[in-house]
Amino acid sequence: MHNRSTSFKFSRWLKRDDRAGPVLPVRSVFSPGAIMSLQDAVEVLTRLGSGQELPGRSQIIAAALAAETVTLDMPGRDIQDAAAGLKTLAVGQRLFLDEAGRARALHLANVLAAYDWRKERGYVGRGGVVVFYAGKINSWVNELRNPDHWVAGAVAVNEAGNSWLAIGGDEQNGATAWKPQWVDGRIAEVVSTS
């Protein structure tokens, strides 16, 4: 049944090829052997969040499809918003993001990267957090603790898509605290003041 849902979702992504006449699945625009992966979604969201030029349309389409498949396993506002934004780009429209929107795109890139890492290694459903440092996944730990084991700037993401930022301290002694960064798809400071 899971595969049928996935196939149905893919059937909504169609491309018209006027030379061939019929409507073809988007997969036909990829080079042979191209594989849709969450890494495409992570890269597109990272570029979007950092203001870099976006990759080619085939990679954006692959990113949108990959994010769409994740919504089947990991329902949540964050993932649905990421998939919707990537779909917007995949159909040739533009997204204009302010500073908060760019920050959210970077957060969503981390959420998808953490999910992909968990899925590849059998950590889905095990709780804990995936920890990033300098934009790369560094580790998984079963609970958020010991900020002194991390350097300020490390980011921890749980399965629900919430994230924390290691703050304070120095490189030798580690960070002094974990500060909530994103909670339920919103910047933590906004959550705590409402």
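Biologist: Let's start in the strands. In β7, which residue is the bridge partner of A166?

Modeller: That's W178, which sits in β7 and is the bridge partner of A166. Bear in mind that we're looking at a predicted model. You can read a second pair in β7 as well, where K179 is the bridge partner of L165.

Biologist: And how many bridges join β6 to β7?

Modeller: Five bridges join β6, residues 163–167, to β7, residues 177–183. The two strands run antiparallel.

Biologist: What joins β7 to β8?

Modeller: Two bridges do that job, and β7 and β8 (residues 186–187) also run antiparallel. Two bridges are just what a pairing needs here, since strands count as paired if there are at least two bridges between them. If you want one pair to click on, look at V183, which stands opposite R186 in β8.

Biologist: What do β7 and β8 form, and what should I look for in the turn?

Modeller: They form a hairpin with two residues between the strands. In the turn, check D184, which has a positive phi of about 50°.

Biologist: Now zoom out for me. In what order do the strands of the sheet come?

Modeller: Reading across, the order is β4-β3-β5-β6-β7-β8, so don't expect the numbering to follow the sheet from side to side; these six strands form an open sheet with antiparallel pairing. At the edges stand β4 (136–141) and β8, each with a single partner strand, so one side of each has no neighbour in the sheet. Packed on this sheet is α5, which touches β3 (129–133), β4, β5, β6 and β7. The direction of α5 makes about 120° with that of β3.

Biologist: Let's follow α5, then. How far does it reach from its first C-alpha to its last?

Modeller: The helix covers residues 99–121, which is 23 residues, and it reaches 33 Å. At 1.5 Å a residue you'd expect 33 Å, so the span is close to expectation.

Biologist: What do I find at the start of α5?

Modeller: Go to D98: one of its side-chain oxygens comes to within 3.3 Å of the backbone nitrogen of A100. Just after the other end of α5, G122 takes a positive phi of about 75°.

Biologist: Take a residue inside the helix. Is A105 buried or exposed?

Modeller: A105, which lies in α5, is buried, because its relative accessible area of 4% falls under the 20% cut-off. Leaving out residues up to four places away in sequence, A105 touches L45, G49 and L97. You can also compare sequence and space with D81: 24 residues separate D81 from A105 in sequence, and their C-alpha atoms are 9.6 Å apart.

Biologist: Can we do that for a strand residue too? Where is N158?

Modeller: N158 belongs to β5, residues 155–158. With 18% relative accessibility, N158 counts as buried. A polar atom of the N158 side chain lies 3.1 Å from the backbone nitrogen of A160. Setting aside neighbours within four places in sequence, N158 is in contact with R118, G128, V129 and W164.

Biologist: Back to phi angles. Which sign does phi have at A134?

Modeller: Positive: A134 has a phi of about 55°, although A134 is not a glycine. You'll find A134 in the loop between β3 and β4, where it counts as exposed at 66% relative accessibility. N146, also not a glycine, has a positive phi of about 45°. That residue lies in the loop between β4 and β5, and N146 is partly exposed, with a relative accessible area of 31%.

Biologist: Last one, on the whole protein. How many helices and strands does it have?

Modeller: Six helices and eight strands. From the N terminus on, the elements run α-β-β-α-α-α-α-β-β-β-β-β-β-α. Of the 194 residues, 40% count as buried.

Biologist: And what share of the contacts with a separation of 6 or more comes from residues 24 or more positions apart?

Modeller: That share is 48%. As for the surface, the protein exposes about 11000 Å², and carbon and sulfur atoms supply 51% of that area.

Key. Residues numbered from 1 in each chain as written. Predicted model: local features only at pLDDT ≥ 70, side-chain atom pairs only at ≥ 80, totals over all residues. Heavy atoms only, no water. Helix = DSSP H or I, 4+ residues; strand = E, 2+ residues; numbered from the N terminus. Polar contact = N/O pair within 3.5 Å; in protein donor to acceptor, adjacent residues only side chain to side chain. Buried < 20%, exposed > 50% of the residue type's maximum accessible area, 1.4 Å probe, protein only. Contact = heavy atoms within 4.5 Å. Axes fitted to C-alpha atoms, helices over the stretch in contact; angles between N-to-C directions. Areas by Shrake-Rupley, 256 points an atom, 1.4 Å probe, with all protein chains shown as cover.
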